[in-house]
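Hi,

Here is the structure I said I would pass along. Have a look at it first, and then read my notes below.

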Amino acid sequence: MSDKITFSVEKREGLGKGANRQLRVAGKVPGIFYSTTGENIPVKMDEMPLVKLYEKAGLTNVISLDIEGEVKECLIWKLERHPFKNRLQHVDFYGVDADKEIRIKIPVRVTGSSKGVKLGGRLEEYRQVITVAAKAADIPNEVVVDVTDFDIHTSLKVSEIELPENVTAYYDNDFKVLAVVPGRGSAKAEEAED
């Protein structure tokens, strides 16, 4: 959730592999804007400004996409990279309705130093991202989990994650996101102490 970013793109005429290859040779990245009404608009843009946009907005910040004077609110939905060159191949922009909730994956960032790890346990992270439902303006950039008070045998399920107001976790099964488990040899160490 940050200041609105405006990004300008141009409509593109040629479609298909050949036309896209020519765009990439010219330093352009082909993309598509998917509107909330089902309209798909093929677009193109320079690669470096797109890289800078992604660094600033990521996949969770709403941007104002200026398509030759027509401004659309959207998210960067998907970036396709070349398999071995450090180049962007394609981008999908997903139109958002400010009044409707959307489901989106956001990263989980762990902070703190667990007391269970200090006692010889191991922090295991089972999920680096979770799916949340929120209106576009309420989407957080990430979820921060402080594990400082986590002892050995402490776990955190997705339903237990503290989320900002107007944001809810979306899941079918209440899965574990992370846990502090006994370290290797810690069971033997506990037996030796008894």
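The buried residues of helix α2 (residues 47-57) are covered by a set of elements that includes the strands β1 (5-11), β2 (28-34), β3 (40-46), β4 (63-67), β5 (70-81) and β6 (88-95). Bear in mind that this is a predicted model. The buried residues in question are E47, L50, L53 and A57. Looking down the axis of α2, you will find them within an arc of 120 degrees, so they line one face of the helix. That fits the usual geometry: an α-helix has 3.6 residues a turn, so residues three or four places apart point the same way. On the face turned away from the buried side, α2 carries the exposed residues M48, K52, E55 and K56. Just after the helix comes G58, with a positive phi of about 60 degrees.

E47 deserves its own paragraph. It sits in α2 and is buried, with a relative accessible area of 11%. So what does the side chain of E47 have a polar atom close to, at 2.8 Å? The backbone nitrogen of L88. Setting aside residues up to four places away in sequence, E47 touches G27, V29, N86, R87 and L88.

Now for the nonpolar cores. The largest has 25 residues, and the members that touch the most others are L75, I106, I130, I139, V145 and V177. Two or more residues each come from β7 (101-111), β9 (129-135), β10 (143-146) and β13 (176-181), with β7 giving the largest share, 4 residues. If you want one residue to start from, try L75: beyond four places in sequence, L75 touches L59, T60, N61, V62, D92, F93, Y94, V96, I102, I104 and I139. Apart from this core lies another, of 20 residues, including I5, A57, L65 and C74. You have met A57 already, among the buried residues of α2.

One last spot is A136, in the loop between β9 and β10. Is A136 buried or exposed? Buried, with a relative accessible area of 8%. Leaving out neighbours within four places in sequence, A136 is in contact with V62, V96 and K100. V62 and V96 are also on the list of residues that L75 touches. For a sense of scale, the C-alpha atoms of A136 and A26 are separated by 34 Å, with their positions 110 residues apart along the chain.

Cheers

How values were computed: Residues are numbered from 1 along each chain as its sequence is written. This is a predicted model: local features need pLDDT of at least 70, side-chain atom pairs count only at pLDDT 80 or more; totals for chains, interfaces and linings use all residues. Side-chain values use heavy atoms; hydrogens and water are left out. A nonpolar core is a set of buried Ala, Val, Leu, Ile, Met, Phe, Trp, Tyr and Cys residues joined through side-chain atoms within 4.5 Å. Buried means under 20% relative accessible area, exposed over 50%, partly exposed in between (1.4 Å probe, protein chains only). Contact means heavy atoms within 4.5 Å. The arc is that of the directions from the helix axis to the C-beta atoms. A polar contact is a pair of N or O atoms within 3.5 Å; within protein, one must be able to donate a hydrogen and the other to accept it, and residues adjacent in sequence count only if both atoms are side-chain atoms.
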